[in-house]
Amino acid sequence: MKNLTLRRMVLTALFAALTCAATLVIQIPSPTNGYFNLGDCFVLLGAFVLGPWLGGFAGGVGSMIADLISYPMYAPATLVIKGLMAILAGLILRAFAKRSRYITGETLGAVCGEVVMMAGYFTFEAFLYNPTSAFGSLLLTNLPQAGVGFAATLALCVVLEKAHLMSKLRGGLLHA
């Protein structure tokens, strides 16, 4: 029991750090003054490894810390949006995991998680700026960001499954 608790804490901190690093290290400027990054990949992967609640915590906190460094006014919204993104993706995977269809659950979870991300930032930016600006950001930044996050997550999941590492990483955490 103590080992599982320690394992959860270590993996949660690791995924928060990986999410933050992936968000900050590779930043490709977008047309709307934002940037493209690989943070979504680790938000979703964290949800798939840790489960919805710990994955939501790790993804939300890791992304928020990156925003505190780059775009501080987005940090509170990012905490909520990325946390909800991971929670939904993790819950969907958990529902499909009971049927032993991980890849299907990962695909649907990643799509739904990215939809939450796009809707969340659209809502936040419509309130912060205006709906027209938010729509431009949705099309020019958030939609491509979601596509990259989705593709990178599934590619990494396939690689980890083929290397027999995904089940070792999960180690009973998904159903906890």
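In this predicted model, the largest nonpolar core has 31 residues. Those with the most contacts inside this core are Phe15, Leu44, Leu45, Phe48, Met117 and Met166. Five elements give two or more residues to the core: α1 (2–25), α2 (39–50), α4 (75–97), α5 (102–128) and α6 (131–162). The largest share comes from α2, which supplies nine residues.

Phenylalanine 15 was examined further. Its neighbours within four places in sequence were left aside. On that basis, phenylalanine 15 is in contact with Phe42, Leu45, Gly46, Val49, Leu50 and Ala58. Of these partners, Leu45 is also listed among the core residues with the most contacts.

Charged side chains were considered next. The count comes to one salt bridge. Here the side chains of aspartate 40 and lysine 82 meet, at 2.2 Å from N to O. Aspartate 40 belongs to helix α2 and lysine 82 to helix α4, so the pair ties together parts that are 42 residues apart in sequence. Both aspartate 40 and lysine 82 are buried.

The surface carries a nonpolar patch as well. Phe135, Leu139, Leu140 and Leu143 form this patch. Together, these four residues have about 370 Å² of accessible area. One of them, leucine 140, is found in helix α6. Its relative accessibility is 44%, so leucine 140 counts as partly exposed. The limits for that class are 20% and 50%. Helix α6 thus appears in both settings: this helix gives two or more residues to the core, and it also holds leucine 140 of the surface patch.

Key: Residues are numbered from 1 along each chain as its sequence is written. This is a predicted model: local features need pLDDT of at least 70, side-chain atom pairs count only at pLDDT 80 or more; totals for chains, interfaces and linings use all residues. Side-chain values use heavy atoms; hydrogens and water are left out. A nonpolar core is a set of buried Ala, Val, Leu, Ile, Met, Phe, Trp, Tyr and Cys residues joined through side-chain atoms within 4.5 Å. Buried means under 20% relative accessible area, exposed over 50%, partly exposed in between (1.4 Å probe, protein chains only). Helices (H or I, at least four residues) and strands (E, at least two) are DSSP runs, numbered from the N terminus. Contact means heavy atoms within 4.5 Å. Patches are made of residues with over 30% relative accessible area and no salt bridge: like charges are joined within 9 Å, nonpolar side chains (Val, Leu, Ile, Met, Phe, Trp, Tyr) within 5 Å. Accessible areas come from the Shrake-Rupley method with a 1.4 Å probe; for residues, only the protein chains shown count as cover.
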